[in-house]
Amino acid sequence: MSEEAVNKENQGTQRQKYSEKEAARVFDQEFMPHVNSMYNFAYRLTFDEDDAKDLVQDTYLKAFRFINSFEQGTNAKAWLFRILKNSFINEFRKKSKQPAKVDYNEVESYYNSDDVDESITTDLRVETVQHMIGDEITLAMNSIPVDFRTVIILSDLEGFTYEEMSKILDIPIGTVRSRLHRARNMLKEKLSSYAKEMGYNK
Amino acid sequence: MSEFSDWFKNSFKECYCDRGNLVDEKRFSEIIQLVLDNEADEESRAIFEEKIRTCVKSNGNYEREKCVQETIKQKLCEHKQEIPEDLANTIKKSIGL
């Protein structure tokens, strides 16, 4: 990730000039508290403990290197998530041990097409979800394409607003809304199929 | 006025027939999402709340969607990966803190 890319997050704000001591304090007090969320996000993207660890370490190294682009009092968590997401897309996916990912543009254009909702279930019952355990729901979520999984993680697990997600993902806020809706429908579809297989609906 | 005010008004109108009955449940589920995610502005939220107070079908859809979404969220949050013990220290060491 280039310095320019990191700076994009702080467009319109003053570039800082921290002393060594100040930089260490900002890093420790504003960045480090998010390490658990960062690791969970990385793990849900990579599905591998070592890869997740590497991705988080790499993100923190970049954050420190470009710390002068970060303005104190702004949203450190969103800034870090943006760096992590970009690292994952630009560098990590290329050298990942995982098989090739689904072509995102293809997936999104399919899911944005008018007829897609025809296949999406709306009959997932509350009781069905309540009977499921966390493992089953996590497995279902892991099976949806990474760009759709990402919006669910950012919104439902990390509590980011649509505006924050728009900045993290570099997409218009309207796309955040529609992508999140598609993603949740995809997850419900997976859960519904799984419930049928397991006989939960009987 | 929020980013979604116009979108809300247009979509809401399309969800109901002239007699005020809910006819487009799929579109309504998008509206429910906006409300549950706290992204609807005050005016939109008031219109929504008034409708679910007076329309049984809308209310049923809302309650079901809310419950499913909350349950999924809760179960996903409970199922977090254990953080490697040494991760924070390794990061601090790597930048010399």
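This is a conversation about how chains A and B meet in a predicted model.

Student: What makes the meeting of helix H4 of chain A with helix H5 of chain B describable as a crossing, and at roughly what angle do the axes cross?

Tutor: Two packed helices are described by the angle between their axes and the distance between the axes. Here the axes of H4(A), residues 49-65, and H5(B), residues 87-94, come within 10 Å and cross at roughly 40°.

Student: Why is the crossing of H4(A) and H5(B) called right-handed or left-handed?

Tutor: A crossing counts as right-handed if the near helix is turned clockwise from the far one by less than a right angle, and that of H4(A) and H5(B) is right-handed.

Student: Which residues make this contact, and how do you know that they touch?

Tutor: H4(A) contributes Lys53(A), Val56(A), Gln57(A), Tyr60(A) and Leu61(A), while H5(B) contributes Leu87(B), Thr90(B), Ile91(B) and Ser94(B). They count as being in contact because residues do so when their C-beta atoms, placed from the backbone, lie within 7 Å. By class, the residues of this contact are five nonpolar, three polar and one charged, and Lys53(A) is the charged one, since Lys counts as charged.

Student: How many residues does each chain give to the whole contact, and which element of chain B gives the largest share?

Tutor: Chain A gives 36 residues and chain B gives 32. On the side of chain B that touches chain A, the elements with two or more residues are H2 (25-36), H4 (56-78) and H5 of chain B, and the largest share, 10 residues, comes from H4(B). That side has 14 nonpolar, seven polar and 11 charged residues.

Terms used. Residues are numbered from 1 along each chain as its sequence is written. Chains are lettered from A and ligands numbered from 1 in the order in which they are written. This is a predicted model: local features need pLDDT of at least 70, side-chain atom pairs count only at pLDDT 80 or more; totals for chains, interfaces and linings use all residues. Axes are lines fitted to C-alpha atoms, for helices over the stretch in contact, and angles run from 0 to 180 degrees between N-to-C directions. Helices (H or I, at least four residues) and strands (E, at least two) are DSSP runs, numbered from the N terminus. Two residues are in contact if their C-beta atoms, placed from the backbone, lie within 7 Å.
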